Amino acid sequence: QVQLVESGGGLVQAGGSLRLSCAASGRTFSSYSMGWFRQAPGKEREFVAAISWSGGSTYYAGSVKGRFTIARDNAKNTVYLQMNSLKPEDTAVYYCATGRGGRDFEGYNYWGQGTQVTVSS
């Protein structure tokens with residue numbers, strides 16, 4: 001059974017920073033890509049960032065590129081999302097996921113429960 005547990009969400013003012021973590025268990029973490037997605041109220045879930053199994057390749061949505069950084073520590077079975085220069089429109093529930101990777105939901109077969117990020121103006 002694969003488990004993904006996100007942490008690090010919270011309330012922050014616009015311009016601030018947060019670092020999300022996602023701890024994985026139940027499978028060989030280092031063999032799979034990891035991704036972060038988010039879902040704002042009344043909106044569909046959208047791709048945020050992804051990282052290959054080795055960490056050698058990263059991908060970002062245009063709306064977060066240059067502000068967010070995805071990284072992974074395979075020794076700790078953890079993936080991170082460093083979020084800087086946060087904007088109110090970044091407010092959402094953030095989910096981590098694991099699978100073959102990519103920008104689409106279909107590339108991920110296991111999901112965490114999500115962590116709330118709220119950015120106040």
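1. A salt bridge is a side-chain nitrogen of Lys or Arg within 4 Å of a carboxyl oxygen of Asp or Glu. The side chains of Arg 38 and Asp 90 form such a pair, with 2.9 Å from N to O. Arg 38 belongs to strand β4 (residues 33–39) and Asp 90 to the loop between β8 (78–83) and β9 (92–99), so this pair ties together parts that are 52 residues apart in sequence.

2. The basis of this note is as follows. The model is predicted: local features need pLDDT of at least 70, and side-chain atom pairs count only at pLDDT 80 or more, whereas totals for chains, interfaces and linings use all residues. Residues are numbered from 1 along each chain as its sequence is written, and side-chain values use heavy atoms, with hydrogens and water left out.

3. The structure contains 3 salt bridges. Besides the pair already described, Arg 38 meets Glu 46 through their side chains, at 2.6 Å from N to O. Asp 90 also pairs with Arg 67, at 2.7 Å from N to O. Arg 67 sits in the loop between β6 (58–60) and β7 (68–73), and Asp 90 in the loop between β8 and β9, so their salt bridge ties together parts that are 23 residues apart in sequence. Arg 38, Glu 46, Arg 67 and Asp 90 are thus linked in a network of salt bridges.

4. The accessibility of these four residues deserves attention. The term buried means under 20% relative accessible area, exposed means over 50%, and partly exposed lies in between (1.4 Å probe, protein chains only). Asp 90 is buried, with a relative accessible area of 0%. Arg 38 is buried at 5%, and Arg 67 counts as buried at 11%. Glu 46, by contrast, is partly exposed, with 35% relative accessibility.

5. On secondary structure, the chain has 0 helices and 11 strands. Helices (H or I, at least four residues) and strands (E, at least two) are DSSP runs, numbered from the N terminus. Along the sequence the pattern therefore reads β-β-β-β-β-β-β-β-β-β-β.

6. As to overall form, the chain has a radius of gyration of 13 Å, which agrees with the value near 14 Å for a compact globule of 121 residues. This radius is taken over C-alpha atoms, and the globule rule is 2.2 Å times the number of residues to the power 0.38. Along the principal axes, the C-alpha atoms fill a box of roughly 40 × 25 × 25 Å. Of the 121 residues, 44% are buried.

7. A contact means heavy atoms within 4.5 Å. Among the contacts in the chain with a separation of 6 or more, 56% are between residues 24 or more positions apart.

8. The surface may be summarised briefly. The chain exposes about 6,200 Å², of which carbon and sulfur atoms supply 45%; accessible areas come from the Shrake-Rupley method with a 1.4 Å probe, and for residues only the protein chains shown count as cover.

9. Two residues should be noted for their backbone angles. Asn 77 is not a glycine, yet its phi is positive, at about 50°. Asn 77 is located in the loop between β7 and β8 and is partly exposed, at 28% relative accessibility. Ser 85, likewise not a glycine, has a positive phi of about 50°. Ser 85 lies in the loop between β8 and β9 and counts as partly exposed, at 40% relative accessibility.
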